[in-house]
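Work through these short exercises with the model open. Try each task before reading its solution.

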Amino acid sequence: MTVRTRFAPSPTGYLHIGGVRTALYNWLFAKREGGQFILRIEDTDTERSTQESIDAILEGMQWLGLNYDEGPFYQTQRFDRYKELIQQLLDEGKAYRCYCSKERLEQVREAQKVNKEKPRYDGCCRELKKHPKDEPFVIRFKNPQTGAVIFEDLVRSKVTVNNKELDDLIIARTDGTPTYNFVVVVDDIDMKITHVIRGDDHLNNTPRQINILQALGAPLPIYAHLPMILGADGKRLSKRHGAVSVMQYRQDGFLPHALLNYLVRLGWSYGDQEVFSAEQMIKLFDVHSLNKSGAVFDNEKLLWLNQHYIKHDPAETLLPELQWQFQQAGIEVKAQPPLEKVLAAQRERCKTLKEMMEKSKIFYQDKVVYDEEALAKHLNNDSLVVLEYLQSGFKPLKPWDREGIAEIIDEAAEELELKKGQVAQPLRVAMTGNTISPSIDVTLELLGKERVMNQLAIAMKMVSD
């Protein structure tokens, strides 16, 4: 058997963290088993589905590197196939037309509530022999009334649901459009899906879908229902916990492989190992060892992983994402200083690439923006003599490198009988506008001699005035 998995998001909003983890697990399992991973866009909710959401899903999958072998397939392009199988069920007596009005259905539900019964369709039209003419109708699946649906779930083990708990599901609306639970079944049949790995919010749909699969004479896939990702309060992760579009994580400076590495551990583990390459995840991931309980999303742990990759990834992996951060900020990265050198100077001190970009803007902006507090504390009459000494020391310096720069700073501290920090901080504020930067010798080397000399003159004039 060739393993075939699918990720089937609904384009009614952004691609969120829970969806990404589902896609990742399906992708890893297919890759490990030498199978195929399919992307399907479940866009039958035409009122809420948008092209913007579709584009966001495709963009997110591309950024994450979750390449699919087939697709994307769109359900709205398969309506003829769904109608064909709905008609087949009607012809075989496994589905029927229901003419019940909304008012009648509401009355039935109210009566069931009064009697403390589970709200469900009462089967009024199930055995209807005479069909009203020109009356609107939906089509319902004739769910078995006896027995039970029993299936082995890779996460939850044996699941049993009595058919008496299930009513006759609507599979086509009054306008003829098919409904979610039916089209999912048809798609899984036609796409030969062998394993359905999805969130356990779909668990209630599974018995209904199994009955439709059996009515169509199709083999059942193997199911794995993943526990939800939780917020710190133990409730399902949502917007109130800060759950955002996966592309917001790119905006915030996270690396795609750091995010995937973090998500793979939210429901699966391999001993105490925390850091996994993509190759290791594919080799080690085991769908049979998924956790049964929900995992809590910890942003600090994600930041730790992201910082690990920033520190240890090769420059060629980080540079495109760092360049993207500058583009998003509208900052042109010039040839000097080379971005790779800026990365090398900053990578030990930054948790995100957005933070790195913010701390590195000074190297590519023409004008220094001063922090008022840093300016008042470090650029004053006392620091003027420091800047003048450094200006005279830097002027003849050749070559312009960190070793020579450091030597002149040390000389200034010695000659002026100051601590090194009393020399370095006024210089740092004069160059960058604030008190934080890579080591001052590296910072000045990256800025270049011409800019350093110009900025020293500007700072000294500010102090004098």
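**Exercise 1.** How many helices and strands are there in the protein chain?

*Solution.* This is a predicted model: local features need pLDDT of at least 70, side-chain atom pairs count only at pLDDT 80 or more, and totals for chains, interfaces and linings use all residues. Residues are numbered from 1 along each chain as its sequence is written, and side-chain values use heavy atoms, with hydrogens and water left out. Now take the DSSP runs, numbered from the N terminus: helices are H or I, at least four residues, and strands are E, at least two. The protein chain has 19 helices and 12 strands.

**Exercise 2.** Set the radius of gyration of the protein chain against that of a compact globule.

*Solution.* Start with the rule: 2.2 Å times the number of residues to the power 0.38, with the radius taken over C-alpha atoms. For 465 residues, a compact globule would come near 23 Å. The protein chain has 31 Å. Next, check the spans of the C-alpha trace along its principal axes: about 105 × 45 × 40 Å.

**Exercise 3.** Where does glutamate 165 lie, and which residues does it touch?

*Solution.* First, place it: glutamate 165 is in the loop between β7 (157-162) and β8 (170-172). Second, list its contacts (heavy atoms within 4.5 Å). Leaving out residues up to four places away in sequence, glutamate 165 touches Lys118 and Arg120.

**Exercise 4.** Why does glutamate 165 count as partly exposed?

*Solution.* Recall the classes: buried is under 20% relative accessible area, exposed over 50%, partly exposed in between (1.4 Å probe, protein chains only). Glutamate 165 has 41% relative accessibility, so it counts as partly exposed.
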